[in-house]
Amino acid sequence: MTLLPPLNIRGFQVYKGFLDRAAQDELVAQARQVAQDAPFFSPMTPSGRTMSVRMTSAGRLGWVTDRSGYRYQAAHPKGQGWPEIPEQILEIWRGVASKERMPDSCLMNFYGEGARMGMHQDKDEGDFSWPVVSVSLGDDALFRMGNPERGGSTESVWLTSGDVVVMGGDARLSYHGIDRIRFQSSSLLPKGGRINLTLRVVDQGDSPQQPSSP
Ligand SMILES: O=C(O)CCC(=O)C(=O)O
Ligand SMILES: [Fe+2]
């Protein structure tokens, strides 16, 4: 891992080239291992649309969506528990986010040809004082960054394999999305596509106590 100062775009910290090729290969192997225990599925939004990305998770809690809404749950939609978050993924979190508190959820998104993710906030977690850390593997992706409120101006950056984005502080609740990928622009995944790993602290349970209001 190299630690050049990140680009700061609207409070999003973008670490270009954070992971070298060997680290990326290792992360892909670990993602495949996770997907063996917890297979990728095609999530459905509460309004009934099938998302174009496929998803799975590692960690105590995984993010799911279906007709009943967006939420975190302790089991894969097929019923089994989620696998543990691989150590090498936690190491990235330690490098850019915190050594005190580990994430309890690692969402894995797979973008095949034509997949995208609309503008949204990450706000299903219990404690927004911890950042969200997102790792890009495989094909290039056009990442759009907006504001804490819906709408307004946006800026975009091409994320390439090995880049890491930290959404914390003022950008923790900022809107963001993936407009498109450049299918087969990277050789990391032999058949093409992009894997995004998103690390989050979901459960405020064992985080340091916040001062309570009078
Ligand atoms: O794929 C990405 O880079 C972003 C994914 C994302 O924003 C999410 O899963 O909430
Ligand atoms: Fe997000």
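How many of the residues of E6 are buried? Seven of its seven are, so E6 is mostly covered, given that a residue counts as buried if 20 or more other C-beta atoms lie within 10 Å of its own, as exposed if 12 or fewer do, and as partly exposed in between, with C-beta atoms placed from the backbone. The labels are DSSP runs numbered from the N terminus: helices are H or I runs of at least four residues, and strands are E runs of at least two.

Before going on, some ground rules. This is a predicted model, where local features need pLDDT of at least 70, side-chain atom pairs count only at pLDDT 80 or more, and totals for chains, interfaces and linings use all residues. Residues are numbered from 1 along each chain as its sequence is written, while chains are lettered from A and ligands numbered from 1 in the order in which they are written.

Back to E6. Ser105, Leu107, Asn109 and Tyr111 point one way from the strand, and Cys106, Met108 and Phe110 point the other way; all of them are buried. Asn109, for one, sits in E6, and Asn109 counts as buried because 22 other C-beta atoms lie within 10 Å.

What does E6 pair with? Two strands pair if DSSP finds at least two bridges between them. Strand E3 (residues 54-58) is joined to E6 by five bridges, running antiparallel, and Thr56 has Met108 in E6 as its bridge partner. E6 is also joined to E13, again antiparallel, by seven bridges. There, Tyr111 has Arg194 in E13 as its bridge partner. As a reminder of the chemistry, strands of a sheet pair through backbone hydrogen bonds, either parallel or antiparallel.

Now for the ligand. Which residues surround ligand 1? The shell consists of Leu107, Asn109, Met117, Asp122, Ser134, Ala141, Phe143, His176, Ile178, Asn196 and Thr198, where being near means that the C-beta atom, placed from the backbone, lies within 6 Å of the molecule. Strands E6 (105-111), E9 (141-145), E12 (176-181) and E13 (194-200) are the elements that give two or more residues to this shell. By class, the shell has five nonpolar, five polar and one charged residues; Ala, Val, Leu, Ile, Met, Phe, Trp, Tyr, Cys and Pro count as nonpolar, Asp, Glu, Lys and Arg as charged, and the others, Gly among them, as polar.

The UniProt record has something to say about this stretch too. Its unreviewed entry carries the annotation "domain: Fe2OG dioxygenase" over residues 102-203. Over those residues the chain is 0% helix and 44% strand, and the end C-alpha atoms are 11 Å apart. The unreviewed entry also places the feature "binding site" at Asn109, Phe110, Tyr111, Arg194, Ile195, Asn196, Leu197, Thr198, Leu199 and Arg200. UniProt positions are given in the numbering used here, feature names are shortened, and annotations may be inferred rather than shown by experiment.

E9 and E12 turn up again in an open sheet, where four strands follow the order E7-E12-E9-E10 with antiparallel pairing. Its edge strands, E7 (117-120) and E10 (155-159), each pair on one side only. Inside the sheet, E9 and E12 pair in the antiparallel sense over five bridges, with Leu142 standing opposite Arg180 in E12.

Follow the chain out of E12 towards E13 and you get to a loop that holds Phe183 and Gln184. With 17 C-beta neighbours inside 10 Å, Phe183 counts as partly exposed; Gln184 is partly exposed as well, with 15. The backbone of Gln184 is worth a look: phi is positive, about 65°, although Gln184 is not a glycine. Most residues other than glycine have a negative phi. Arg10 also has a positive phi, near 55°, and lies in the loop between strand E1 (7-9) and strand E2 (12-15). Arg10 is partly exposed, with 16 other C-beta atoms within 10 Å.

Finally, the helices. In helix H2 (residues 87-96) the buried residues are Ile89, Ile92, Trp93 and Val96. They cover an arc of only 100° around the axis, which puts them on the same side of H2; the arc is that of the directions from the helix axis to the C-beta atoms. The face turned away from that buried side carries the exposed Glu87, Glu91 and Arg94. In helix H1 (residues 21-37) you'll find Gln33, whose C-alpha atom is separated by 9.3 Å from that of Pro86, 53 residues apart along the chain.
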